[in-house]
Amino acid sequence: MMSKGLVMTGDWKEQISVEYAKLDNFEAFLAKIWEMSLTAFDQPREVQVVIDADEKLFMTHGNPGLVWFDSPPAGMKIPVKCWIHTHPFGHAYFSSTDWATINTWKPIMNCAIVLGENQRMTWTQNSDFTHYERWDYNGIDEAQTTLDEYEGEE
Ligand SMILES: [Zn+2]
């Protein structure tokens with residue numbers, strides 16, 4: 001059983017939805033997801049946000065290791081625009097379980113983003129590449145890696 005812990009910020013989902021509704025600032029939306037991951041609960045917890053084909057948000061939280069949903073939430077329309085989740089311990093990379101999720105869902109998923117501390121990794125359906133960015137020191141460190149390279153590590 002996954003522990004959900006205590007929710008300290010009762011409206012954390014609303015706060016994320018408000019940022020998303022602005023639409024003109026995707027960065028602020030991602031920043032809010034990261035902020036809620038660190039502050040909305042009794043301890044930093046993984047937050048997962050799925051943007052469906054109708055721009056509707058489906059949000060859950062839990063321990064690190066939370067991946068996707070046990071079954072697609074009622075009302076979720078595919079293809080999924082983006083699956084976003086946090087790694088509250090700070091490192092933004094797709095774990096082997098994350099890759100399993102991407103591989104399972106990629107026929108009906110356009111984008112996956114993992115958020116860390118001042119860093120993120122993005123996978124997009126079009127290129128099947130991942131894009132890594134880190135910006136906690138001067139300049140931005142960027143790299144791209146193919147899905148195949150990651151699969152080779154497992
Ligand atoms: Zn992950």
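A residue counts as partly exposed when the number of other C-beta atoms within 10 Å of its own falls between the exposed limit of 12 or fewer and the buried limit of 20 or more. Keep that in mind for the first view of this predicted model.

**View 1. Glu133, a residue in strand β6.** Here we're looking at β6, which covers residues 129-134 and includes Glu133. Is Glu133 buried, exposed or partly exposed? Count its neighbours: 14 other C-beta atoms lie within 10 Å, so Glu133 comes out as partly exposed. Now look for Thr122: although Glu133 and Thr122 are eleven residues apart along the chain, their C-alpha atoms are separated by 8.6 Å.

**View 2. Ile33 and the largest nonpolar core.** This core has 25 residues, and the ones touching the most other members are Ile33 and Leu115. Two or more residues come from each of α1 (12-22), α2 (26-39), β1 (46-51), β3 (82-86), β4 (111-116) and β5 (119-124). Zoom in on Ile33 and skip its neighbours within four places in sequence: you'll find contacts with Ile16, Val47, Val49, Ile84, Thr86 and Leu115.

**View 3. The hairpin of β1 and β2.** These two strands make a hairpin, with five residues between them. Check out Glu55 in the turn, which has a positive phi of about 65°. β2 spans residues 57-62, and it pairs with β1 in the antiparallel sense over six bridges. One spot to find is Ile51, which stands opposite Leu57 in β2.

**View 4. β1 alongside β3.** β1 and β3 run antiparallel too, joined by four bridges. Here Val49 stands opposite Ile84 in β3, and both of these residues are among the contacts of Ile33.

Methods. Residues numbered from 1 in each chain as written. Predicted model: local features only at pLDDT ≥ 70, side-chain atom pairs only at ≥ 80, totals over all residues. Core = buried A, V, L, I, M, F, W, Y, C linked by C-beta atoms within 7 Å. Contact = placed C-beta atoms within 7 Å. Pairing = 2+ DSSP bridges.
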